[in-house]
There are 2 protein chains.
Amino acid sequence: MSKPKVFEKPAGVKDYLPEAVSKLRRIEKSVLDCMRRWGYEQIVTPTLEYYDTVGIASSTSDRKLFKLLDRNGTTLVMRSDMTAPIARVVASLLKEQPLPIRLSYHASVFRAMEDEAGREAEFYQTGVELVGDGSADADAEVVALAIASLQAAGVEEFKIALGHVGFLHGLLNETLKDRPDAQTALKECLLGRDYVGYRKTLGDLGLGISVRRELEEVLRLHGGEEIFAHARRLSRDPLAQASIAHLREVWEVLQAYGVSGHVLIDLTMIGDFSYYTGMTFEGYAADHGFPVCSGGRYDNLLTQFGRPAPATGFALKTNRILELIPSGRTEKPGSVLLVYKTNRRKEALAKAAELRSADGASVETRRVPENTKPGEPALTSGEYAEVIEFF
Amino acid sequence: MSKPKVFEKPAGVKDYLPEAVSKLRRIEKSVLDCMRRWGYEQIVTPTLEYYDTVGIASSTSDRKLFKLLDRNGTTLVMRSDMTAPIARVVASLLKEQPLPIRLSYHASVFRAMEDEAGREAEFYQTGVELVGDGSADADAEVVALAIASLQAAGVEEFKIALGHVGFLHGLLNETLKDRPDAQTALKECLLGRDYVGYRKTLGDLGLGISVRRELEEVLRLHGGEEIFAHARRLSRDPLAQASIAHLREVWEVLQAYGVSGHVLIDLTMIGDFSYYTGMTFEGYAADHGFPVCSGGRYDNLLTQFGRPAPATGFALKTNRILELIPSGRTEKPGSVLLVYKTNRRKEALAKAAELRSADGASVETRRVPENTKPGEPALTSGEYAEVIEFF
């Protein structure tokens, strides 16, 4: 445990220099404005929350929460997502506001580092929650808004993978009713997108050949709308059937929105299966391995805050989008430098004020030594579109 | 140490509902745009920093820092201001960029609560740092920009109190050379604006009558530019004299900016005297007891990060400004609600898309049960400028 060097910062956190900030701000503004046009109003919640309420309710595993103690010895967490804080607000400050409630946010969230290289400990999420509407229309609305938000952010090519945790819950309950551990092991494999591990786990369970084939067939349940019929044939379990019927309706609404061309059905994708209760989705940009957005339905969360209500939502992974899109920095108008000596100071400062207010130019002013000669290059280190001398 | 209720949040932190967020965003945008026009580019730094570097270098007292441990046992802090993190960036990522460097920020900062009621543990600061220019012109620039920023934020009536820590350092060194404890005690009184305590401390020191009168006279050193002559007569100490000469030049530049009407000279105001090294200032809005901005020169900080350079800057106390200015929410255009049944879903969603893109309206959509009758009020709980039914 050596002392950090003066210029170091903690692992997994970033500085954003002006060029990156300008891009980040542009994404933030475009996406929040898009969300506003869909009826979502922005909310800001604190960075610190109680561990026993929001910390426990969040979908982040306990070991990934940044924890600290307040003066009274109560454990606090740095928020790890915005969904649980928003549930708290909907159930408290907004408890008189009728449902459905539509809220948006842009915020940094925190996850304590695993020892994985390159994982971020602080990153931005820009997202929405739609609380109080359990319909397929509400699920489709957040998927369609995720698509509109990615477009607003400047992501041009992407696909949304759409699934439903209920299908797999139903299928596994039907086929492995008395083996909850096996169910969890298989779900963990799918959560980690580990198809090899899934097949191996299946092989180790000593199942009958037909059940094993049925469960292997799950890995093929991704593609176009033909997957609905395929999945329906695979399981007769009522939960599995109801989940497919709901997802099919979400698909129909997405067709009505005219955005189903962006969407693939993927029943192997279950997201965080202890948290989501229905439809789940992830967005992938072309040539980019990690998801750029994720979301789904979480109908149990609001109950934990004392205002039971269905809810659905998503978050853009804003930092990943920042890496994807071009900088656009070239748009920036060059700045002007006014250099002056004391005797013409007032004139120079008045000119600066005029340029700033007239055309919104970026204008720097600098007093130079009295013996400075016109055009001396040392004055103008840095890049300026124009240098005006007042002496 | 009882468990928090589900709807509670930690002491000293806030939720901002949409109306407050919209005001906060307006202030943020106007002020950052004003700063950009003065040549300041925005930077974002992490919420977490190392205690041993940025934590120690910050002007926040140790007991007010939020501390936590990372996985390696190194102490982290939640940033308590933006000045120290920016010094770190100027000395590392920007070390090749020639001085002067102008940077702006809008960020939340954190101070562990004292037991004082109503103190905030997380609040916003919007500010600038001007690194690499030690002139009176640079000091005046940040004061003039603070004035322009308050105006951009919508604060109409305010005064800036302008002082210089060097004057008091010099005067006390001259009069109480061998009594550093007495010097500190008197400075602490002024820092806390405790004039009664200052007089009492003076009385307890057993000083000669002339020295005591001289030190009591300090309390009268606030007013217009006549204060410069008054102060110059009071102390012959070279540091005190040089400080007044510098402050007088800052004043002249502020006259050249045409903003000296907003400024009062106040040599009893010393800010954090272990941190600031020269000019300091605070802004007060009419009828508001707490400062709405504060700043000053800190020429020793950058040395701690290995790139010695003079520096000056300020931060608006954005939360206090949020309380001061009117909401302006009335400008918000009402939103539109489109209600539909399944058979006209596609038509309704197309209309929503059209309204959203044509005039940037906020449009919500909602599917209603098939047996809903036109004009049923239950559909439209909430406030909408217009409700359009598709059934």
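What follows is a short chat about the structure shown above.

Visitor: Hi! Before I start clicking around, what kind of model is this?

Guide: This is a predicted model, where local features need pLDDT of at least 70, side-chain atom pairs count only at pLDDT 80 or more, and totals for chains, interfaces and linings use all residues. Residues are numbered from 1 along each chain as its sequence is written, chains are lettered from A and ligands numbered from 1 in the order in which they are written, and side-chain values use heavy atoms, with hydrogens and water left out.

Visitor: Thanks. How many residues does each chain bring to the contact?

Guide: Chain A gives 92 residues and chain B gives 92 residues. Contact here means heavy atoms within 4.5 Å.

Visitor: And what area do chain A and chain B bury between them?

Guide: About 7700 Å², with 55% of it on carbon and sulfur atoms. Buried area is the accessible area (1.4 Å probe) that two parts lose on being put together, summed over both.

Visitor: How many salt bridges are there between chain A and chain B?

Guide: There are 14 between these two chains, and a search of the whole structure finds 50 over all chains. To count, a side-chain nitrogen of Lys or Arg must lie within 4 Å of a carboxyl oxygen of Asp or Glu.

Visitor: Which residue of chain A does B:D137 meet in a salt bridge?

Guide: B:D137 meets A:R367, at 2.7 Å from N to O. That pair crosses between chains: B:D137 sits in helix α4 (residues 136–153) of chain B, and A:R367 in strand β14 (residues 363–367) of chain A. Helices (H or I, at least four residues) and strands (E, at least two) are DSSP runs, numbered from the N terminus.

Visitor: What about A:E28, which side chain does that one meet?

Guide: The side chain of A:E28 forms a salt bridge with that of B:R25, at 2.5 Å from N to O. As for where the touching side of chain A comes from, its largest share, 8 residues, is from helix α1 (residues 18–37) of chain A.

Visitor: How does that side of chain A divide into nonpolar, polar and charged?

Guide: It has 41 nonpolar, 17 polar and 34 charged residues. In this scheme Ala, Val, Leu, Ile, Met, Phe, Trp, Tyr, Cys and Pro are nonpolar, Asp, Glu, Lys and Arg are charged, and the others, Gly among them, are polar.

Visitor: Let's switch to sheets. What is the strand order in the parallel one in chain B?

Guide: The order is β14-β13-β15, in an open sheet of 3 strands. Its edge strands are β14 (363–367) and β15 (386–390) of chain B, each pairing on one side only. Two strands pair if DSSP finds at least two bridges between them.

Visitor: How many bridges do β13 and β15 of chain B share?

Guide: They pair over 5 bridges, with β13 covering residues 336–340 of chain B. Within that pairing, B:L337 has B:V387 as its bridge partner.

Visitor: Which helix packs on that sheet?

Guide: Helix α13 (residues 345–359) of chain B does, touching β13, β14 and β15 of chain B, and its direction makes about 170 degrees with that of β14(B). Axes are lines fitted to C-alpha atoms, for helices over the stretch in contact, and angles run from 0 to 180 degrees between N-to-C directions.

Visitor: And what is the strand order in the antiparallel sheet of chain B?

Guide: There the order is β2-β4-β3, again an open sheet of 3 strands. The edges are β2 (48–50) and β3 (67–69) of chain B. Neighbouring strands are turned by 40 degrees against each other on average, direction ignored. β3(B) is joined by 3 bridges to strand β4 (residues 75–78) of chain B, and B:L69 stands opposite B:T75.

Visitor: Last thing, the backbone. Is the bond from A:L99 to A:P100 cis or trans?

Guide: That peptide bond is cis, with omega near 0 degrees. A:P100 lies in the loop between α3 (83–91) and β5 (101–110) of chain A. In chain B, a cis peptide bond joins B:L99 and B:P100, with omega about 0 degrees.

Visitor: And what is phi of A:R193?

Guide: Phi is near 55 degrees there, a positive value in a residue other than glycine. You'll find A:R193 in the loop between α6 (180–191) and α7 (195–204) of chain A.
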